[in-house]
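Open your viewer and load the model. This tour goes from cavities to the whole chain, then to one small sheet.

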Amino acid sequence: MAAETRITAVLGPTNTGKTHYAIERMLAHRTGVIGLPLRLLAREVYDRVVAARGPSVAALVTGEERIVGSRAQYWICTVEAMPTDIGCDFLAVDEVQLCADPDRGHVFTDRLLNARGLSETLFLGSDAMRGTIAALVPKVQFLKRDRFSTLTYTGSKKLSRMPARSAIVGFSVENVYAIAELIRRQKGGAAVVMGALSPRTRNAQVAMYQNGEVDYLVATDAIGMGLNLDINHVAFSATAKFDGWRMRDLFPHELGQIAGRAGRYMTPGSFGVTGEAAPLGDDVAEAIENHRFRPIDRINWRSSDLDFSGLDGLIASLEAGPQNERLMRGRPADDLRALKALAEQQQIIDRVRHPRDLRLLWDVCRIPDFQGISAQEHANLLLRIHGFLQDGHVPDDWLAAQIRRIDKIAGDIETISKRLAYIRTWTYVAQRSGWVADESHWRQETRAVEDRLSDALHEALTQRFVDRRTSVLLRRLKQKEGLVAEVNDKGEVAVEGEFVGRLEGFRFRQDSSASPDAAKTLKQAAYEALRPEFHLRADRFYNAPDTEIDFTEQGGLMWGTSAVGKLVKGPDAMRPQVEAFVDEEAGFDVAEKVRRRLQHFIDRRVATLFEPLLNIQRDETLAGLARGFAFRLIEALGVLPREGVADEVKALDQDMRGALRKHGVRFGQYTIFQPALLKPAPTRLRLVLWSLNERLDEFPESPPPGLVTVPNLPDVPKGYYTLSGYHPAGARAIRIDMLERLADILRTMDSRTGFEANPDMLSITGMTLEQFADLMDGLGYKGEKGEREKVRSEPVAAPVEEGKTANPITEEEAALQTVTETETYFTFTWVPKPRAPRGERPQRNRRPESGERRADKPRGDRSGAKFGKGKPGGKPGGKPGGKPKREDQGERKFESRPPKKDRIDPDNPFAAALMGLKGKI
């Protein structure tokens with residue numbers, strides 16, 4: 001099966017998209033596995049696969065981490081941890097030029113020679129490997145990838161002149177820390193990336209760089225292994241490193257691998273040297289620029305055919321020589337050195353006799369020396385772990401003690417880094433199957449400790465190598481170079497570490513506690529330092545979405561929690577203007593940008609919330625009386641009391657009304673309105689616009705949303721309730737739309753002979769019976785209170801024994817079982833107000849006279865309607881229970897139907913208790 005796989009070597013320099021191509025190919029198959037050179041890179045690729053396909057089908061397997069989805073199909077691993085026996089359709093190995101690495105090369109070589117996918121196999125790496133791959137891998141095909149951008153050598157630069165978005169590369173922890181400290185003093189700070197960092201710490205440091213919190217990155221050669229960062233320039237602080245055995249110069253292809261991190265995708269990049277590093281030779285610089293390196297002719301190899309018959313046989317198989325001239329034995333690896341050290345221990349000689357025991361010993365020897373201790377100390381640790389495993393598993397109490405000893409986040413960078421290295425040992429142990437009793441518990445426990453130490457290390461690195469105050473120092477006053485201002489995320493401004501005030505939006509509020517002599521100087525320094533902040537903040541504000549901006553009920557304009565302006569009266573109520581709150585020292589450009597953004601915001605908010613009203617304004621088909629009435633409605637911001645426009649309504653014929661109804665206009669008995677504008681958001685804005693237009697000193701607030709009635713207060717501005725969507729009646733004001741629903745019910749009642757309140761009426765208003773009576777009084781109805789007995793008989797039958805006849809209960813017994821209750825009720829009748837002289841008659845609550853046409857019915861149209869018998873002030877309508885045409889409906893004949901019963905109004909929070917009518921709901 002493996003022989004049928006299609007094998008492709010995808011070769012080229014950095015920034016050619018090789019890893020991205022491999023991920024795409026893997027996801028095109030049903031299953032796949034990809035081996036990567038670093039745990040950090042494996043985590044990055046895992047996150048990309050999870051984002052594309054979800055966590056359930058992805059698996060991350062490294063020496064210290066194992067996350068396997070419930071339906072794992074795609075395995076992302078370090079090369080050492082690659083499963084080679086699961087039979088995946090696709091397999092890829094990244095950075096195959098590491099076959100030449102003296103320490104890890106034999107692992108990559110083993111994958112090159114033996115690891116295959118069932119359908120497709122990819123090897124990714126440098127073009128320098130072409131000849132070796134062709135010689136060792138039969139039937140391999142080659143795919144060359146060209147770099148997306150150019151790479152240019154720029155020579156030597158001082159750190160003080162290093163351009164922004166640069167990475168400075170060192171080859172020791174001490175060198176990296178020294179460079180980061182220097183950049184902190186000169187440039188304000190740098191992020192730190194090293195291979196020894198945990199993925200969590202590394203990601204936090206990289207995020208700080210990627211987000212622009214710092215413009216510089218100090219790293220080891222770990223950034224050369226596929227980590228994708230926005231780097232424009234790479235500077236080498238040295239061109240030689242200690243490789244574990246000796247100091248040596250980096251090979252050109254190693255320099256090219258690191259320099260290639262500059263200029264991602266289509267952005268050109270540059271590289272050079274800095275500090276004490278000697279300039280690169282012309283031939284080396286040209287080789288890096290053109291990606292032409294000496295071919296890798298020989299690679300490191302170690303036999304994978306191990307002999308587990310005995311200790312001597314295992315060591316001999318590990319030291320066996322290769323049979324191919326392209327292969328060579330690498331330097332003795334850490335695991336082999338550990339095996340030789342343990343093989344001399346009498347305890348091992350006595351206990352390791354079976355191949356199973358030898359395999360366990362070899363697995364223990366492969367625990368990496370994360371702690372960097374001496375070879376003998378590492379061997380002693382392995383010996384103890386092997387002893388535990390020979391007896392079963394690592395004891396929980398012993399492992400807990402080891403972890404407890406290092407689960408401390410206090411300390412400096414070096415101390416936390418050591419603890420993080422120690423926990424990696426126990427993380428590795430916990431990941432091995434069968435080595436601990438409760439694998440799930442110890443994996444979670446060691447991961448949690450690693451996360452805590454990682455966060456502590458990130459914080460320590462940031463505190464030591466990032467000085468935001470120094471960053472601001474670069475923009476210090478030209479006149480006062482010794483002064484520097486700082487602005488934190490809370491808007492607090494400090495000069496030379498002394499708090500001097502706050503930046504609230506675009507206005508600086510100076511601290512009044514400063515002495516008069518120092519205040520002027522401090523204020524000048526603060527404004528000079530804040531000038532770039534004003535422009536940056538103005539840009540962020542101008543590009544901020546409308547969801548971050550809002551208006552208050554007093555007409556203020558807020559950006560988050562900061563006041564940035566206020567609304568002022570405009571040409572008309574629907575076109576308010578804005579006034580920006582920007583300090584004069586910020587400059588005209590900032591003030592104008594803030595003002596334009598605020599104006600755009602309120603214009604869009606009015607257009608969105610009052611769209612139905614603006615549609616009427618733009619409707620050119622409206623003409624004559626209909627257009628005039630539309631303008632009256634627009635001037636009233638969409639809510640117009642009917643009593644003030646009764647004559648205009650009477651003059652509208654049915655065609656005119658129909659044209660207005662197309663825009664959602666409802667001709668209610670008490671109010672003409674658009675229901676969409678009664679929602680909380682339009683109501684809140686309407687009150688603000690009305691208050692601006694009326695030039696009120698204090699704007700009334702809108703009622704809380706969802707209330708059917710609110711108290712009718714005497715001291716509120718005239719027109720407030722109507723614009724809030726309520727109609728005052730008695731001691732309370734009722735919501736306009738609910739009032740019209742109540743009016744629909746009242747029209748079905750006989751108001752001359754009187755009617756009682758029914759559950760539907762109380763359900764709509766959400767009131768008690770007494771409150772409803774007061775409301776009806778405010779609407780022009782007289783309520784007469786009465787009481788009556790409510791009798792309910794509840795006969796109780798005695799139990800009848802089997803075979804006997806039941807005795808009927810006596811009348812006296814029945815009387816004792818009768819339950820009598822008293823209930824309160826109200827009878828309402830229409831009470832017209834006294835008629836005023838002609839021309840002075842009030843319009844409120846006016847009922848049509850006998851023979852008079854209704855306000856919304858054209859002359860001559862009777863369509864089945866019946867009116868009163870001419871009694872002044874008589875209530876229109878026919879037979880009790882007949883339902884006349886509603887004000888906001890088209891032509892419709894009366895239809896006799898009983899009042900609605902058992903209807904529960906969803907707007908009424910008391911609906912569940914309304915049907916009892918026992919005086920209070």
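A cavity here is a set of grid points where a 1.4 Å probe fits but cannot get out. The model you are looking at is predicted.

**Stop one: the cavities.** How many cavities of 30 Å³ or more does the structure hold? There are 7. Go to the largest cavity, which has about 120 Å³ of space. Select Trp-301, Arg-302, Leu-318, Gly-330 and Arg-331. These lie nearest the centre of the largest cavity, among the 14 residues that line it. Now colour the lining by residue type. It divides into 7 nonpolar, 3 polar and 4 charged residues.

**Stop two: the whole chain.** Zoom out and switch to cartoon. The protein chain has 29 helices and 37 strands. Of its 921 residues, 49% are buried. Next, show the surface. The accessible surface of the chain comes to about 45000 Å², and carbon and sulfur atoms account for 49% of that. Then turn to contacts between residues at least 6 apart in sequence: 68% of them join residues at least 24 apart.

**Stop three: a sheet.** Select residues 639-641, 666-667 and 671-673. The first range is β27 and the second is β28; residues 671-673 are β29. Together these 3 strands form an open sheet in the order β27-β29-β28, with antiparallel pairing. Which strands stand at the edges? β27 and β28 do; each has a single partner strand, so one side of each is left without a neighbour in the sheet. Look closer at β27 and β29, which pair over 3 bridges. Finish on Val-639: its bridge partner in β29 is Phe-673.

Definitions and conventions: Residues are numbered from 1 along each chain as its sequence is written. This is a predicted model: local features need pLDDT of at least 70, side-chain atom pairs count only at pLDDT 80 or more; totals for chains, interfaces and linings use all residues. Side-chain values use heavy atoms; hydrogens and water are left out. On a 1 Å grid over the protein atoms alone, a cavity is a set of points where a 1.4 Å probe fits but cannot get out, and a pocket is an open set with protein on both sides within 12 Å along at least five of seven lines; lining residues have an atom within 4 Å of a point. Grid points are joined across faces, edges and corners, and a volume is the space filled by probe spheres set on the points. Ala, Val, Leu, Ile, Met, Phe, Trp, Tyr, Cys and Pro count as nonpolar, Asp, Glu, Lys and Arg as charged, and the others, Gly among them, as polar. Helices (H or I, at least four residues) and strands (E, at least two) are DSSP runs, numbered from the N terminus. Buried means under 20% relative accessible area, exposed over 50%, partly exposed in between (1.4 Å probe, protein chains only). Contact means heavy atoms within 4.5 Å. Accessible areas come from the Shrake-Rupley method with a 1.4 Å probe; for residues, only the protein chains shown count as cover. Two strands pair if DSSP finds at least two bridges between them.
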